[in-house]
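Here is a short note to read alongside the structure. Please go through the points in order and find each residue as it comes up.

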Amino acid sequence: MAKSTRSKVIEYVEPIGARVLVRKDEPKRTTKGGIALPDQAEIPTITGRIVAISTQIENDEDFPLRQYDKILFHPKEAIPVDFETDNQLFVVPVEDVVAVFRRETGGKAPKED
């Protein structure tokens, strides 16, 4: 019998326009003080890591976003991607990215002009 060979198809999501693909962080169930939050408690902004960036954003110097950056974003316009069973991927308009988490290097904060 002849063996049939199938090439493995890899699927991925590429954001188009002024958007980024974000893997949402797991929601926190307790506060820093140890208070348990109910499931209904919703925080209007959530954090996640950028998985992919559209070409438009990648080439725009006005948006300092890079792959794997941790960001804070508003979920109102975020579009869930039904790509994984746990559904942690979202396509987020760049306007809804409200902050990027950065770390200081060398002990000094970057200077502003």
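1. The sheet. In this predicted model, six strands make up an open sheet, with the order β4-β5-β1-β2-β3-β6 and antiparallel pairing. The edge positions belong to β4 (79-80) and β6; each has a single partner strand, so one side of each has no neighbour in the sheet. As background, strands of a sheet pair through backbone hydrogen bonds, and the pairing may be parallel or antiparallel.

2. Strand β1. This strand covers residues 19-24 and pairs with β5 through five bridges, in the antiparallel sense. Five bridges also link β1 to β2, again antiparallel. Val-20 is a useful residue to look at here: its bridge partner in β5 is Val-92, and its bridge partner in β2 is Ile-53.

3. The partners of strand β3. Strand β2 (residues 46-53) runs antiparallel to β3 and is joined to it by four bridges. Within this pairing, Arg-49 is found opposite Lys-70 of β3. With strand β6 (residues 97-100), β3 forms three bridges, also antiparallel. There, Ile-71 has Val-100 of β6 opposite it.

4. The two faces of strand β3. In a regular strand, side chains alternate between the two faces of the sheet. Which side chains of β3 are buried, and which are not? Ile-71 and Phe-73 point to one face and are buried. Lys-70 and Leu-72 point to the other face and are not buried. The strand itself spans residues 70-73.

5. Lys-70 and a ring. Besides standing across from Arg-49, Lys-70 lies over the face of Phe-101, 5.2 Å from the ring centre. As for rings paired with one another, a search of the whole structure gives zero aromatic pairs.

6. A buried charge. Asp-96 sits in the loop between β5 (89-93) and β6. How far from Asp-96 is the nearest side chain of opposite charge? That side chain is Lys-76, at 8.6 Å. A salt bridge would need a side-chain nitrogen of Lys or Arg within 4 Å of a carboxyl oxygen. Asp-96 is therefore buried without a salt bridge.

7. The surroundings of Asp-96. Apart from neighbours within four places in sequence, Asp-96 is in contact with Leu-72, Phe-73, His-74 and Glu-77. Two of these residues, Leu-72 and Phe-73, were met in β3, where Phe-73 points to the buried face and Leu-72 to the other.

Methods: Residues are numbered from 1 along each chain as its sequence is written. This is a predicted model: local features need pLDDT of at least 70, side-chain atom pairs count only at pLDDT 80 or more; totals for chains, interfaces and linings use all residues. Side-chain values use heavy atoms; hydrogens and water are left out. Buried means under 20% relative accessible area, exposed over 50%, partly exposed in between (1.4 Å probe, protein chains only). Two strands pair if DSSP finds at least two bridges between them. Lys and Arg count as positive and Asp and Glu as negative; His and the chain ends are not counted. Contact means heavy atoms within 4.5 Å. Rings of Phe, Tyr and Trp (its six-membered ring) pair if their centres lie within 6.5 Å; planes under 30 degrees apart count as stacked, over 60 as edge-to-face and the rest as tilted. A charge sits over a ring if NZ of Lys or CZ of Arg is within 6 Å of the ring centre and within 35 degrees of the ring normal.
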